[in-house]
Amino acid sequence: MTLLLLVLLFQVVTGLLGNDDSDYSAPLSHWLSHDASSLMTALHAYSFDLLLILVGLHVGAVLTHVVLHRDKMLKAMFTGVKERW
């Protein structure tokens with residue numbers, strides 16, 4: 001889960017620093033050179049794909065716990081309280 005949060009943070013930071021080489025520049029893209037900002041845009045696109053993979057793995061792990069271990073994970077994720085069987 002820590003990796004998922006780190007990639008999400010990376011996604012936010014690169015999104016704030018990127019540009020799309022046309023008429024859009026992110027709010028903080030002026031802090032970097034044009035080439036560095038373009039690199040942030042490319043990293044942003046790659047990290048999005050990684051983020052989708054990690055979210056899929058996370059959902060798969062939750063479903064595995066629900067189905068195989070009969071954990072009440074879904075309710076606990078929303079309420080913050082895990083019930084015992």
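Q: With which side chain does the side chain of Gln11 make a polar contact?
A: In this predicted model, Gln11 is found in helix α1, which spans residues 2-17. A polar contact requires a pair of N or O atoms within 3.5 Å. The side chain of Gln11 meets this at 2.4 Å, and its partner is the side chain of Ser47.

Q: Which residues are in contact with Gln11, leaving aside its neighbours within four places in sequence?
A: Contact here means heavy atoms within 4.5 Å. Ser47, the partner in the polar contact, is one of the residues that qualify. The full set is His44, Ser47, Phe48 and Leu51.

Q: Does Gln11 count as buried or exposed?
A: Buried means under 20% relative accessible area, and exposed means over 50%. The relative accessibility of Gln11 is 11%, so this residue counts as buried.

Q: How many helices and strands does the secondary structure of the protein come to?
A: From the N terminus on, the elements run α-α-α. Each of these symbols stands for a helix, and the total is 3 helices and 0 strands.

Q: What radius of gyration does the protein have?
A: The C-alpha atoms fill a box of roughly 55 × 20 × 20 Å along the principal axes. A compact globule of 85 residues would have a radius of gyration near 12 Å. The protein, by contrast, has 18 Å.

Q: How far apart do the centres of the positive and negative side chains lie?
A: The protein has 5 positive side chains and 7 negative ones. Taking the centre of each set, the separation is 34 Å.

Conventions. Residues are numbered from 1 along each chain as its sequence is written. This is a predicted model: local features need pLDDT of at least 70, side-chain atom pairs count only at pLDDT 80 or more; totals for chains, interfaces and linings use all residues. Side-chain values use heavy atoms; hydrogens and water are left out. Helices (H or I, at least four residues) and strands (E, at least two) are DSSP runs, numbered from the N terminus. The radius of gyration is taken over C-alpha atoms; the globule rule is 2.2 Å times the number of residues to the power 0.38. Lys and Arg count as positive and Asp and Glu as negative; His and the chain ends are not counted. The place of a charge is taken as NZ of Lys, CZ of Arg, CG of Asp or CD of Glu. Buried means under 20% relative accessible area, exposed over 50%, partly exposed in between (1.4 Å probe, protein chains only). A polar contact is a pair of N or O atoms within 3.5 Å; within protein, one must be able to donate a hydrogen and the other to accept it, and residues adjacent in sequence count only if both atoms are side-chain atoms.
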